[in-house]
Each structure stands twice: as C-alpha cells, then as structure tokens.
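Here is a short report for a reader meeting this structure for the first time. Keep the sequence and the 3D view at hand while reading.

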Amino acid sequence: MEVSIQRKRPFFERANEYFEDLEEWMEHFGRELSERPSWDLRLRAMEPLHEMRITSTEVLITVDLPSAEKSKIKITLIDDDTLEITAQMKRKVCLDEFGITHYKGEFHEFRYQTHIPVPVDMDKIKTQFKKGMLSVRLPRLHKR
Amino acid sequence: MTMLFGFPDVGLVGVIAASHLIEELNMNEVAYIESELLPPLVVLHEGLPHSPIRIFANHDILLAISEVPIQTDLIYPIMDVLIEWAKSKDVKMMISLSGIPIQDRQDVQELKVFAAVSGLETMKALKDNGIEVLMEGYMVGPQAVMLRRAAQKNSPALILVAQCFANYPDPEAAAEVLKSLARITGVKIDVAELLEKGEEIRLRARDVMKRTQQEMTKMKKGQEFDIPMYVS
C-alpha cells in the first residue's frame, strides 16, 4: 500500500483546474461539432444555421431556412428534451450549383436536431416564419 | 483612390457586399496576401488556386476581400500590411464595409446604416451626406485596427455598418451598406441582383458564417454591445 502526504490545495486552485478542464472539453467538443460537414448526402439534407437563447422566461431558437417552403416545416418533439426541425426546400439544391463537382448529390430539405437544456412547456410552443427565418419560442417551466 | 475592405464579420455583410461589388463594377484581381502566418489553405475557383485574402481593383477603387475569417492574432499583421500597401498606391480614403447586429432583425423593415469615422473632417462629410455617425461604443475586428491606424496617421477612413443579423448571412444588410457607399463615393451600384439572389447567397454562405461565428467569439465581438465608460 502506498501512503503519501499531499499539500492541501486551496479551493481556487482546484476551481481553476476544473474550469480549465471544462474549457478544454468545450473547445474539443466545439471543434468536433464544427468539423463535420454541414450537409448529409445520405439524408439529402442540409444543416441550417441556428441559434438558441435562454432567458429567465423562455427558450428562443432561431433557424435560418433560406428557400424553405413555409407549409413544409415540421417541428417534432423526438423525446422529452430533443426537438427536431425539418423544412422542405422550394427546389432541390445540387452541390454542382456551388461549383462542387468532386462530391455528387442533391438536397431536398433542412434538418436540425437540438437538445433543450432546461425544462420547457412544449404545449405552449410559438412559432414564426418570416423572410426565411424560423423562430421558435418555448416558455420555461420553473419548479415551485 | 479609395480602398474598401470586406472581411467576414457579423452577418457576413462586408464579404457579401464586396463580392457583389467585384461583379457589379467588373473588378479584377490585382494582388493577394502571401504569408506563412496564414492557415495552410488554398481556395480553388474555376480550377485554379487563390490566396484567401485578395485585392481587386478597377480605375478608382481598390477592394480587399477575405474568403475566410481572419484569425484574431493575425488581424494586426494583415491590416498593417494592407494599410501600408494602400499608402503606396496613394489611397486617400479607406472604407470598411460591415454590420451592426440588432435584436429581432427579421421584424425590422428598414435597416439603418451608421458610420464610425477616423476624424472630424470625415464626420462632417458624412453628416452632410445624411449618414448617422456612431458616437459612443466599441468596434471589434479588422475594421477597428483600420480605424485606429487611420486616426493615428490623420488619414480619412470610415467603417460603414448596416443593421443586420449577427449570426446569419444578411444580403439585405449588404445592399443597404452598398447604397450608403454609393452615396458617399458617388459610384453607381445596382443592388437589385444582390437582393434577388438573397436566398441563394444565404444558402451558400452557411459554412463561412459558421466559421466566422467561431472566430468572432474568440475576438470577443460581443464587446460591441457594451456601454463604454466615459473617460475624458
């Protein structure tokens, strides 16, 4: 059995270490997310640009859906805290329209899945689609 | 001679505006930046390799455009070399094209354009043109370095910013910035095609926007929302 005596480390030192780890993890995670393509040829889908803002009262998600058909936007709750947004495009978009010829394929829809990190009331969902921009508002549920 | 700058920033306003200008004013590539400081990357267009940061020109306008967001630690060396180059070409005025994010942008019909200026003379000229000048606040990014350097050298420069989406490509904002640019420089710029192609541009610009978002976080772009403390 090994016995050793270690200097007691002050709280801030441990806290700093924790935040450094967290930062490193975030950076790694962020990089992993950003380094996959923003499109999926198998699903024939493009991942739209998106943003989530959490305020004290609501979760606001915006998704940029240029050339999406308003009547063909679907917002589905796929489990307790995961939302999926799909939107069919007005016309198919081929990679060769962007001059890309080394990958072949076309896209029919936008597809985006997101985890909602705080409890929300899904029944009170509010949506708006304006200028190709989808806004989804979900009121937060607070425990009493 | 006027030199314009269009770099990836909020709403990609500057890059979208600059790309449109190259087409609209029939500008040709005249120079490019080559440096080991740049990421190991080459941009292919019509089968040929290009530097990500290039300069285009016609008779009286030079335009620097970058197809990749400029890394925070490269902003100084790149802007300094561009400003030095501009000086050697007898550039009398530098104008950076960019955006200023607003909340609930999709609900806004008329986008306003503001300018940040390098000195009093430029401020007066803009006010005479009916363009509102940014009086208090912070500017972050390559354009901030351009304005500081111009102010130090007492040479006229301005940053034109149109209200825009922060994290989504905004061709409408690019059109607004170009309309103001036309007013200031007297150059005729038709933005009809830019607006017509809006959705196509937004679709195409997703990846550059995503990388620009990451770089903007690193350079603490959010500081532009801060209210400065008054130091006299």
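## Two exposed loop residues

N154(B) is exposed, because 9 other C-beta atoms lie within 10 Å of its own, and a residue counts as exposed at 12 or fewer. This is a predicted model. N154(B) sits in the loop between α4 (142-152) and β10 of chain B. Its phi is positive, about 60°, although N154(B) is not a glycine.

E46(B) is another exposed residue, with 6 other C-beta atoms within 10 Å. The loop between β3 (43-45) and β4 (48-50) of chain B holds E46(B). E46(B) is not a glycine, yet it has a positive phi of about 50°. From E46(B) to V161(B) is 115 residues along the chain, and their C-alpha atoms are separated by 32 Å.

A glycine can be added to the list of positive phi values. G186(B), just after α5(B), has a positive phi of about 80°.

## The cores

The largest nonpolar core has 64 residues. Those with the most contacts inside this core are V13(B), L63(B), L97(B), L160(B) and V177(B). Strand β10 (residues 157-164) of chain B gives the largest share, seven residues. In soluble globular proteins, nonpolar side chains tend to be buried together.

What does V13(B) touch, leaving aside its neighbours within four places in sequence? Its contacts include L97(B), A162(B), C164(B), A173(B) and V177(B). D170(B), S98(B) and G99(B) are also among them.

Another core, of 18 residues, lies apart from the largest one. Its members include M46(A), M89(A), V93(A) and L138(A).

## Strands and helix in chain B

Strand β8 (residues 113-117) of chain B is mostly covered, with four of its five residues buried. β8(B) pairs with β10(B) and also with strand β9 (residues 132-133) of chain B. A right-handed β-α-β unit is formed by β8(B), helix α3 (residues 120-128) of chain B and β9(B).

The table sets out strand pairings from both chains, each with one pair of facing residues.

| Strands | Sense | Bridges | Facing residues |
|---|---|---|---|
| β8(B) and β10(B) | antiparallel | five bridges | A116(B) and I159(B) |
| β8(B) and β9(B) | parallel | two bridges | A115(B) and V133(B) |
| β2(A) and β7(A) | parallel | two bridges | M46(A) and F110(A) |

Helix α5 (residues 171-185) of chain B comes next. How far apart should its ends be? At 1.5 Å a residue, its 15 residues should span 21 Å, and the end C-alpha atoms are 21 Å apart, which agrees. Buried residues in α5(B) include P171(B), A173(B), A174(B), V177(B) and L181(B). E172(B) and E176(B) are buried too. What covers the buried residues of α5(B) includes α1 (13-24), β7 (93-101), β8 and β10 of chain B. The helices α6 (192-196) and α7 (198-204) of chain B are also among the covering elements.

## Chain A and the interface

Chain A has an open sheet of five strands in the order β1-β2-β7-β6-β5, with mixed pairing. Which strands stand at the edges? They are β1 (39-40) and β5 (68-79) of chain A. Each has a single partner strand, so one side of each is left without a neighbour in the sheet.

The two chains also meet. In this contact, 13 residues of chain A touch twelve residues of chain B. The chain A side has five nonpolar, four polar and four charged residues.

How values were computed:
Residues numbered from 1 in each chain as written. Chains lettered and ligands numbered in written order. Predicted model: local features only at pLDDT ≥ 70, side-chain atom pairs only at ≥ 80, totals over all residues. Contact = placed C-beta atoms within 7 Å. Nonpolar A, V, L, I, M, F, W, Y, C, P; charged D, E, K, R; others polar. Buried ≥ 20, exposed ≤ 12 C-beta atoms within 10 Å, placed from the backbone. Core = buried A, V, L, I, M, F, W, Y, C linked by C-beta atoms within 7 Å. Pairing = 2+ DSSP bridges. Right-handed = clockwise from strand over helix to strand, strands pointing away. Expected span 1.5 Å × (residues − 1).
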